[in-house]
Amino acid sequence: MTDLFTQPSMRKNDHLSDAELDDFRARILAEIDRVACLPIGTFPAITDESRVRNIRHLNDALSRIHNGTYGLCRVTGQPISKERLRLVLHATITIDQRSVT
């Protein structure tokens, strides 16, 4: 079984360096830990459903790092800005596409 938490990505993402991908991987893992430890009912309102959804999105981001598609828009294939990725670690579309949907 592949360990998505520690394995390097399978193909090169030219938009993000290996060091940047490692940093995003570490930040995503830290966010998973943070979300998993939030008490139910804290502000913003945390429910079991929202916790599971957030962790699923973050795990999906780890999978995209592994398969080389992290940071690429799922609609256009264009790079998502690093600033957006820093704010929304699990982002899958660019700001331009976000405004369209």
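The following paragraphs lead through the fold, the first helix, the charged pairs, the cysteines and two buried residues of this structure.

The model is a predicted one. Its secondary structure consists of four helices and zero strands, and from the N terminus the order of elements is α-α-α-α. The protein has 101 residues, of which 30% are buried. Among contacts with a separation of 6 or more, 52% link residues that lie 24 or more positions apart. The exposed surface of the protein amounts to about 6,500 Å², and 56% of that area is supplied by carbon and sulfur atoms.

Helix 1 is a suitable place to begin a closer reading. This helix covers residues 18-37, which makes 20 residues. At 1.5 Å a residue, a span of 28 Å is expected, and the end C-alpha atoms of helix 1 are 29 Å apart, which agrees with that expectation. The buried residues of helix 1 are Leu-21, Phe-24, Arg-25, Ile-28, Ile-32 and Val-35. Viewed down the helix axis, these buried residues fall within an arc of 105°, and they therefore line one face of helix 1. The face turned away from that buried side carries the exposed residues Ala-19, Asp-33 and Cys-37. As for what covers the buried residues of helix 1, the cover includes helix 2, at residues 48-67, and helix 3, at residues 82-87.

The charged side chains come next. Side chains of opposite charge can pair when their charged atoms come close. The structure holds four salt bridges, and three of these pairs, taken in turn below, can be placed within the helices just introduced. The side chains of Arg-25 and Asp-22 form a salt bridge with an N to O distance of 2.7 Å. Both residues belong to helix 1, and because they are three residues apart there, about one helical turn separates them. Arg-25 is buried, with a relative accessible area of 8%, whereas Asp-22 is partly exposed at 43%. Arg-25 thus appears both among the buried residues of helix 1 and as a partner in a salt bridge.

A further salt bridge in helix 1 joins the side chains of Arg-34 and Glu-31, again with an N to O distance of 2.7 Å. Arg-34 and Glu-31 are three residues apart in helix 1, about one turn of the helix. Here both partners are partly exposed: the relative accessible area is 43% for Arg-34 and 21% for Glu-31. Buried means under 20% relative accessible area, so Glu-31, at 21%, is partly exposed.

In helix 2, Glu-49 forms a salt bridge with Arg-53, and the closest N and O atoms of this pair are 3.7 Å apart. Glu-49 and Arg-53 are four residues apart in helix 2, and so they too are separated by about one helical turn. Glu-49 counts as exposed, at 59% relative accessibility, while Arg-53 is partly exposed at 35%.

The cysteines offer another point of interest. A disulfide is a covalent bond between the sulfur atoms of two cysteines. With sulfur atoms required to lie within 2.5 Å, the count of disulfides is zero. Cys-37 and Cys-73 sit in contrasting surroundings: Cys-37 is exposed, with a relative accessible area of 66%, but Cys-73 counts as buried, at 4%. Cys-37 has already been met on the face of helix 1 turned away from its buried side.

Cys-73 leads on to Thr-94, with which it is in contact. Thr-94 lies in the loop between helix 3 and helix 4, the latter covering residues 95-100. Thr-94 is buried, with a relative accessible area of 12%. Leaving aside neighbours within four places in sequence, the contacts of Thr-94 are Cys-73, Gln-78, Pro-79, Ile-80 and Arg-84.

The last residue to examine is Leu-16, which is located in the segment before helix 1. Leu-16 is buried, with a relative accessible area of 1%. Apart from neighbours within four places in sequence, Leu-16 is in contact with Leu-21, Phe-24, Tyr-70, Gly-71, Lys-82 and Leu-85. Among these partners, Leu-21 and Phe-24 are buried residues of helix 1. The C-alpha atoms of Leu-16 and Leu-72 are separated by 9.8 Å, although the two residues are 56 residues apart along the chain.

Key: Residues are numbered from 1 along each chain as its sequence is written. This is a predicted model: local features need pLDDT of at least 70, side-chain atom pairs count only at pLDDT 80 or more; totals for chains, interfaces and linings use all residues. Side-chain values use heavy atoms; hydrogens and water are left out. Helices (H or I, at least four residues) and strands (E, at least two) are DSSP runs, numbered from the N terminus. The expected span of a helix is 1.5 Å times one less than its number of residues. Buried means under 20% relative accessible area, exposed over 50%, partly exposed in between (1.4 Å probe, protein chains only). The arc is that of the directions from the helix axis to the C-beta atoms. Contact means heavy atoms within 4.5 Å. Accessible areas come from the Shrake-Rupley method with a 1.4 Å probe; for residues, only the protein chains shown count as cover.
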